[in-house]
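Biologist: Before I rely on any label in this model, I would like to hear the reasoning behind it, one label at a time. Could you take me through it?

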Amino acid sequence: MEKRENKTEVIVVGGGPAGISCAVTIARAGKQVVLIERGRFSGSKNVFGGAIYAQPTREIFPDFEKTAPLERKNIEHKFALLGEDDATVISYKKKHENPVSYTVVRGKFDRWMAEQAKKEGVILVEETVVRELIIENGFVKGVKTELEDYYADIVVLADGVNSLLAKQAGLRGELSPEDVALSVKEVIKLPAEVINERFHVNADEGCIYEIFGGPMLGMLGLGFMYTNKSSVSIGLGVTLSELIDRGIKPYDLLDKLKKHPEIAPLIKDGELLEYSAHLIPEGGYKKIPLIFGAGVMVCGDAAMFVNNMHWEGTNLAMISGKIAGETAVIALGKQDFSENALSHYQEELENSFIIKDLRTYKDLMSGVQERVGEFLGYYPKKINSFFEMFTSVDSVPKKEKYHKFIKSIFTDRKISDLFKDAWSAVKLLWSILK
Ligand SMILES: Cc1cc2nc3c(=O)[nH]c(=O)nc-3n(C[C@H](O)[C@H](O)[C@H](O)COP(=O)(O)OP(=O)(O)OC[C@H]3O[C@@H](n4cnc5c(N)ncnc54)[C@H](O)[C@@H]3O)c2cc1C
């Protein structure tokens with residue numbers, strides 16, 4: 001082992017779900033690990049919807065349900081297709097014996113995870129920004145903070161979507177506006193009983209809304225709503241390139257979403273507690289950067305590990321962090337920190353749900369982007385107008401209404417365009433299922 005001052009075995013940069021999971025895995029194997037977080041505490045700088053997923057969280061903290069600060073266990077998933085002033089809502093509800101997900105407040109939950117990691121031997125350094133990596137002869141050897149330089153055999157980058165450090169290591173380039181969504185979110189305070197009544201849940205139960213259309217009609221964007229104990233998180237994310245091209249401010253979209261007749265009654269008379277904005281990786285499989293090099297690995301959002309089809313990010317962060325941690329432990333055992341030794345991380349990820357799922361959806365974003373106006377604009381509107389027609393009672397014979405509706409499809413769009421839409425949809429489906 002190299003003898004240097006301020007030298008440890010592993011430095012993990014970023015105290016989010018990826019970094020904490022990585023650090024605790026290393027500490028449990030009896031190795032030295034320093035976790036550096038720039039925020040006042042872990043979670044103080046994090047923004048998300050959001051729900052954490054129980055099974056992957058149990059893989060890192062098996063008993064988390066007993067002591068972690070959880071808001072509500074989610075029992076209902078609603079998919080709301082908003083038109084301009086109407087909505088079609090599909091709901092799936094089940095009270096699982098083992099809940100699938102919980103809403104959490106990241107400021108509390110990440111802090112709790114970091115405290116557990118500390119108890120298990122992780123050296124946690126907060127309020128410290130890593131400015132740059134120390135790279136010697138192509139090997140990452142440590143990090144520079146505003147105060148000191150720290151050296152390590154391995155540096156794990158879990159510094160989130162912007163990862164300037166992965167860029168400095170030459171593992172990835174500049175983020176492109178097509179590959180990230182800009183997400184804005186508000187937390188709205190409401191009494192717990194009001195939330196229970198409006199969302200039809202019991203005291204510890206929660207409801208998730210995934211929102212399509214509305215102010216985002218025709219755009220590559222989605223909205224969300226999550227119930228916390230006594231607040232509701234509402235937000236949306238739209239591809240950054242789309243916002244730039246159309247000159248739209250995301251807060252204007254969020255304002256409109258909050259006023260939509262399907263949404264407004266749910267948050268009526270609520271008090272705005274906080275608002276925030278954050279980027280979400282959107283590029284998927286095709287935009288995964290290099291995730292390992294000599295003396296370095298990248299995990300979580302920094303590696304663009306987000307499955308935006310399923311709103312999954314924290315689970316990919318936790319499990320990629322765990323796999324990076326396990327790889328670091330093996331490398332420490334062999335005292336081999338070369339690129340070749342750390343390629344084990346990539347191999348293990350390939351065998352995990354992370355790369356498999358991202359590969360499944362590899363053509364999704366480009367496929368939807370190609371026909372975004374149709375898939376996220378025209379057809380959602382048409383579904384709502386179908387239900388408007390179907391539920392209207394106005395003494396017009398039903399057959400006449402059906403014919404009128406079908407005719408409207410052919411007058412709105414050329415037959416050749418309808419074929420192109422159908423072909424794109426089949427291609428997309430095939431790219432997922434093949
Ligand atoms: C609006 C929104 C809603 C979301 N909803 C969900 C959801 O419901 N469910 C879900 O699973 N995922 C959701 N996600 C995604 C999820 O939040 C991320 O995938 C997850 O937080 C990634 O974890 P991470 O540890 O990789 O990165 P982060 O959580 O971003 O953590 C990175 C950490 O690194 C620190 N850091 C950065 N740079 C430095 C530096 N130079 N020095 C020291 N520290 C540094 C930061 O302060 C931060 O604490 C959502 C994201 C957004 C934006």
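Biologist: What covers the buried residues of H15?

Modeller: This is a predicted model, and in it the cover over the buried residues of H15 includes helix H14, residues 372–391. The residues of H15 that count as buried are Lys401, Phe405 and Ser408.

Biologist: How do you know that the buried residues line one face of H15?

Modeller: Looking down the axis of H15, one finds its buried residues within an arc of 60°, and therefore they line one face of the helix. On the other side of H15 the exposed residues are Lys399, His403, Lys407 and Thr411.

Biologist: What makes the span of H15 agree with that of a helix?

Modeller: H15 has 15 residues, 398–412, which at 1.5 Å a residue should span 21 Å, and since its end C-alpha atoms are 21 Å apart, the two values agree. The same reasoning can be applied to H1, whose 12 residues should span 16 Å at 1.5 Å a residue, and whose end C-alpha atoms are 16 Å apart, which agrees.

Biologist: Why is H1 called mostly covered?

Modeller: Of the 12 residues in H1, 11 are buried, and being buried requires a relative accessible area under 20%. Among the buried residues are Pro17, Ile20, Cys22, Val24 and Ile26. The cover over them includes E1, E2, helix H2 (54–60), helix H4 (106–119), E10 and helix H10 (314–334). Just after H1, Gly30 takes a positive phi of about 80°.

Biologist: Why is strand E1 said to be largely enclosed by the rest of the structure?

Modeller: Strand E1 covers residues 7–13, and 7 of its 7 residues are buried, so the strand is largely enclosed by the rest of the structure.

Biologist: How do you know that E1 is joined to E10, and what joins E1 to E2?

Modeller: Pairing needs at least two bridges between the strands; E1 has 6 bridges to strand E10, residues 149–157, and these two run parallel. Within that pair, Val12 stands opposite Val156 of E10. Between E1 and strand E2, residues 33–36, there are 4 bridges, and this pair also runs parallel, with Val13 standing opposite Ile36 in E2. From E1 the chain passes through helix H1, residues 17–28, to reach E2, in a β-α-β crossover that is right-handed.

Biologist: Why does Arg131 count as exposed?

Modeller: The relative accessibility of Arg131 is 54%, and the label exposed applies over 50%, so Arg131 counts as exposed. Arg131 lies in strand E8, residues 130–136.

Biologist: What does Arg131 touch, leaving aside residues up to four places away in sequence?

Modeller: Arg131 touches Lys144, Thr145, Glu146 and Leu165. Its C-alpha atom is also separated by 8.9 Å from that of Leu164, although the two residues are 33 residues apart along the chain.

Biologist: Why is Cys299 not counted as bonded to Cys22?

Modeller: The closest cysteine sulfur to that of Cys299 is in Cys22, at 5.2 Å, and because a disulfide needs the two sulfur atoms within 2.5 Å, this is too far for a bond. By this rule the count of disulfides comes to 0.

Biologist: Are Cys299 and Cys207 buried or exposed?

Modeller: Cys299 has a relative accessibility of 0% and so counts as buried, while Cys207, at 1% relative accessibility, counts as buried too.

Definitions and conventions: Residues numbered from 1 in each chain as written. Predicted model: local features only at pLDDT ≥ 70, side-chain atom pairs only at ≥ 80, totals over all residues. Heavy atoms only, no water. Buried < 20%, exposed > 50% of the residue type's maximum accessible area, 1.4 Å probe, protein only. Right-handed = clockwise from strand over helix to strand, strands pointing away. Expected span 1.5 Å × (residues − 1). Arc of directions from axis to C-beta. Contact = heavy atoms within 4.5 Å.
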